Amino acid sequence: EDAFGVEIVPTAQGPLLVWSTSGPGGVPLRVRPVDRDGLPRGDTLSAPALHAFDVAAAPTPDGDVLLAWIENHAPEDFRLRLQALDPAGAPRGEPNTIPLPEARPDLQVLVAPTGGLALAIYSDSAFIRAQPLRCVP
């Protein structure tokens with residue numbers, strides 16, 4: 001299983017590693033909590049991704065993580081998926097989906113210091129786009 005797009009995100013309990021993998025059955029995302037020495041402090045979990053080709057993650061002010069990825073289901077069927085994770089990498093609720101007509105693999109996410117707002121930044125063939133997000137505690 002190949003790994004790519006590794007993100008290291010600080011949480012209230014220590015870093016969280018997030019990465020894409022290529023293997024049979026699509027391109028899943030993996031999440032693993034590690035300690036400050038990079039040793040696992042919990043199990044590796046899978047995020048509910050299908051056909052993911054880009055991943056980004058950002059810490060939230062309360063110590064959680066906002067995980068974002070883009071899925072490519074067909075030439076004009078892209079989806080921005082968003083998932084809140086606790087510091088151990090477990091999901092908080094179900095992922096949200098925002099349909100996109102097109103996207104390139106350059107996704108970034110930012111969370112406001114207040115935690116109430118976030119921004120997903122990506123590009124398509126013509127523009128750099130910013131998708132505002134409202135975060136619900």
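**A tour of the strands**

Select strand 7, residues 77-85, together with strand 8: the two run antiparallel and are joined by 7 bridges. The model you have open is predicted. Within this pair, pick Ala-84, which sits opposite Arg-92 of strand 8.

Now widen the selection to the sheet that holds them. It is an open sheet of 4 strands in the order 5-6-7-8, with antiparallel pairing. Its edges are strand 5 (52-59) and strand 8 (91-100), each of which pairs on one side only. Looking from one strand to the next, the twist averages 20 degrees.

Move next to strand 6, residues 65-74. How many of its residues are buried? Of the 10 residues in strand 6, 7 are buried, and the strand is mostly covered. Strand 6 pairs with strand 7 in the antiparallel sense over 9 bridges. Select Ala-68 to find its bridge partner in strand 7, Leu-82. The connection here is a hairpin, with 2 residues between strand 6 and strand 7.

Keep strand 6 selected and add strand 5. These two pair in the antiparallel sense over 7 bridges. Val-55 has Trp-69 of strand 6 as its bridge partner. Strand 5 and strand 6 also form a hairpin, this one with 5 residues between the strands. Select Gly-63 in that hairpin: its phi is positive, near 95 degrees. While side chains are displayed, recall that in a regular strand they alternate between the two faces of the sheet.

Leave this sheet and go to strand 9 (residues 108-111) and strand 10 (residues 117-123). They pair in the antiparallel sense over 4 bridges. Which residue of strand 10 is the bridge partner of Val-109? The partner is Ala-120. Strand 9 and strand 10 form a hairpin with 5 residues between them. In its turn, Gly-115 has a positive phi of about 85 degrees.

Finally, show the whole protein. It has 11 strands and 0 helices, so coloring by secondary structure gives a β-β-β-β-β-β-β-β-β-β-β pattern along the sequence. The C-alpha atoms fill a box of roughly 40 × 40 × 25 Å along the principal axes. The radius of gyration is 14 Å, which agrees with the value near 14 Å that a compact globule of 137 residues would have. Buried residues account for 39% of the 137. Switch to a surface view for the exposed area, about 7,500 Å², of which carbon and sulfur atoms supply 55%. Among contacts between residues at least 6 apart in sequence, 32% join residues at least 24 apart.

Terms used:
Residues are numbered from 1 along each chain as its sequence is written. This is a predicted model: local features need pLDDT of at least 70, side-chain atom pairs count only at pLDDT 80 or more; totals for chains, interfaces and linings use all residues. Side-chain values use heavy atoms; hydrogens and water are left out. Two strands pair if DSSP finds at least two bridges between them. Axes are lines fitted to C-alpha atoms, for helices over the stretch in contact, and angles run from 0 to 180 degrees between N-to-C directions. The radius of gyration is taken over C-alpha atoms; the globule rule is 2.2 Å times the number of residues to the power 0.38. Buried means under 20% relative accessible area, exposed over 50%, partly exposed in between (1.4 Å probe, protein chains only). Contact means heavy atoms within 4.5 Å. Accessible areas come from the Shrake-Rupley method with a 1.4 Å probe; for residues, only the protein chains shown count as cover.
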